[in-house]
Amino acid sequence: MLKAAVLGAGHLGKIHLRLLKQSNEYELVGFHDADPANAKKVEAEFGYTFYSDLDELIDAVDVVDIVTPTLSHYECAKKAIAKGKHIFIEKPITNTVEEAEALRTLVAEYGVKGQVGHVERFNPAFNAVKDLLHNPMFIECHRLAEFNPRGTDVPVVLDLMIHDIDIILSVVQSKVKHISASGVSVISDTPDIANARIEFVNGCVANLTASRISLKNMRKTRFFQKDAYISVDFLEKKCEVVKMKDAPKTPGDFDMILQNAEGVKKQIYFANPQIENNNAILDELESFANAINTNTKPVVTLHDGTEALRVANMIITQF
């Protein structure tokens with residue numbers, strides 16, 4: 001079992017603490033939080049060991065799980081890497097692309113591993129269809145959330161849209177060619193609703209909308225590719241796969257057949273991939289343990305986290 005420490009005991013940090021405690025892959029040593037009052041409260045309520053000395057905690061573990069505010073990600077990660085520790089770091093990876101690239105250099109220099117907490121990669125609905133996604137040419141994402149004061153210190157692009165940016169970059173094997181975007185600040189100092197159109201060199205276009213002032217929650221992405229339409233509902237953990245194939249010479253009574261203007265006939269059929277329920281945060285943490293133990297590449301690398309941040313920043317500069 002890998003000895004683990006959690007930095008940051010806020011809303012998400014407490015979830016990480018609970019999951020690491022119950023995981024068979026980790027031994028939770030303790031946590032550090034910059035707010036002593038909050039730390040003492042968490043320690044008293046849940047029984048986790050609070051370390052007021054950050055260096056002492058990092059020295060005692062193999063893996064440092066960084067769930068602090070984004071502004072402090074870089075300094076926390078740099079300190080852990082310099083002590084030869086593996087780092088799991090919540091999204092967005094860092095405050096700036098320059099900081100993210102510096103971490104990538106440090107990880108290589110010290111021979112440790114890093115993974116970024118882009119949790120939607122472990123969503124069971126996405127897992128069920130990811131192997132069916134082949135060269136999608138149009139992608140549409142809607143990520144809408146009801147207002148929550150937590151997270152409004154950053155633009156909605158870094159708060160919500162970055163999840164979809166990472167998913168798209170993991171699926172589209174092409175470089176970004178052009179981005180156009182708009183954002184509106186409604187209740188915060190930074191944009192609360194944003195739309196972005198990402199064009200890739202291979203011709204794929206992704207249209208993303210993110211809002212944190214919606215009246216309902218929605219997290220849906222639709223992929224359109226040759227002979228297939230694939231829909232993923234990240235919130236409800238459901239997926240839909242509609243495919244086309246050449247129509248049989250003698251269709252059955254219940255076969256759905258389409259014929260285009262050239263007379264080409266296609267049969268529409270529905271695939272129902274098996275969705276295996278999971279705890280996505282536990283899965284991402286345990287996948288990192290597996291990458292360390294087997295010396296393999298983490299599912300969401302620091303490079304992935306850096307590129308998602310780079311595209312997010314390109315979108316933000318359009319506002």
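Which residues of helix 5 are buried? They are Val97, Glu99, Ala100, Leu103, Leu106 and Val107. Here, buried means under 20% relative accessible area, exposed means over 50%, and partly exposed is anything in between, using a 1.4 Å probe and protein chains only.

Before going further, some ground rules. This is a predicted model, so local features need pLDDT of at least 70 and side-chain atom pairs count only at pLDDT 80 or more, while totals for chains, interfaces and linings use all residues. Residues are numbered from 1 along each chain as its sequence is written, and side-chain values use heavy atoms, with hydrogens and water left out.

## Helix 5 and its surroundings

Back to helix 5, then. Helices (H or I, at least four residues) and strands (E, at least two) are DSSP runs numbered from the N terminus. Helix 5 covers residues 97-110, and its 14 residues should span 20 Å at 1.5 Å a residue; the expected span is 1.5 Å times one less than the number of residues. The C-alpha atoms at the two ends of helix 5 are 20 Å apart, so the model agrees with that expectation.

What do the buried residues of helix 5 pack against? Their partners are helix 4 (73-82), strand 4 (86-90), strand 5 (114-117) and helix 9 (302-316). Contact, in this report, means heavy atoms within 4.5 Å.

Both sides of this helix have something to look at. Pro92 sits in the loop between strand 4 and helix 5, and a cis peptide bond with omega of about -15° joins Lys91 to Pro92. Just after helix 5, Gly111 takes a positive phi of about 65°.

## The chain as a whole

Zooming out, the chain has nine helices and 14 strands. Of its 319 residues, 49% count as buried. A compact globule of 319 residues would have a radius of gyration near 20 Å, and the chain's 22 Å agrees with that; the radius is taken over C-alpha atoms, and the globule rule is 2.2 Å times the number of residues to the power 0.38. Along the principal axes, the C-alpha atoms fill a box of roughly 75 × 40 × 40 Å.

If you take contacts between residues at least 6 apart in sequence, 68% of them join residues at least 24 apart. One pair to find on screen is Asp35 and Gly8: they are 27 residues apart along the chain, with their C-alpha atoms separated by 8.9 Å. Asp35 lies in the loop between strand 2 (26-32) and helix 2 (36-46) and is partly exposed at 40% relative accessible area.

The accessible surface comes to about 15500 Å², and 50% of it belongs to carbon and sulfur atoms. Those areas come from the Shrake-Rupley method with a 1.4 Å probe, and for residues only the protein chains shown count as cover.

## Cysteines

How many disulfides does a search of the whole structure find? Zero, where a disulfide is a pair of cysteine sulfur atoms within 2.5 Å. For Cys204, the nearest cysteine sulfur is that of Cys141, 9.9 Å away. Cys239 is in no disulfide either, with the sulfur of Cys141 again the nearest, at 16 Å. Cys204 is buried, with a relative accessible area of 0%.

## Aromatic pairs

A pair of aromatic rings is described by the distance of the centres and the angle of the planes. Rings of Phe, Tyr and Trp (its six-membered ring) pair if their centres lie within 6.5 Å; planes under 30 degrees apart count as stacked, over 60 as edge-to-face and the rest as tilted. The structure holds six such pairs, and two of them are set out here.

| Pair | Centre to centre | Angle between planes | Type |
|---|---|---|---|
| Phe46 and Tyr48 | 5.7 Å | 15° | stacked |
| Phe224 and Tyr229 | 5.0 Å | 40° | tilted |

Phe46 is partly exposed at 41% relative accessible area, whereas Tyr48 counts as buried at 8%. Phe224 is partly exposed at 32%, and so is Tyr229 at 21%. Phe224 and Tyr229 also join Phe138 in one aromatic cluster.

## Positive phi away from glycine

Most residues other than glycine have a negative phi, and most peptide bonds are trans. Lys237 has a positive phi near 60°. Lys237 lies in the loop between strand 11 (228-233) and strand 12 (238-246), and counts as partly exposed at 33% relative accessibility. Asn295 also has a positive phi, about 55°. Its place is the loop between helix 8 (280-294) and helix 9, where Asn295 counts as exposed at 61%.
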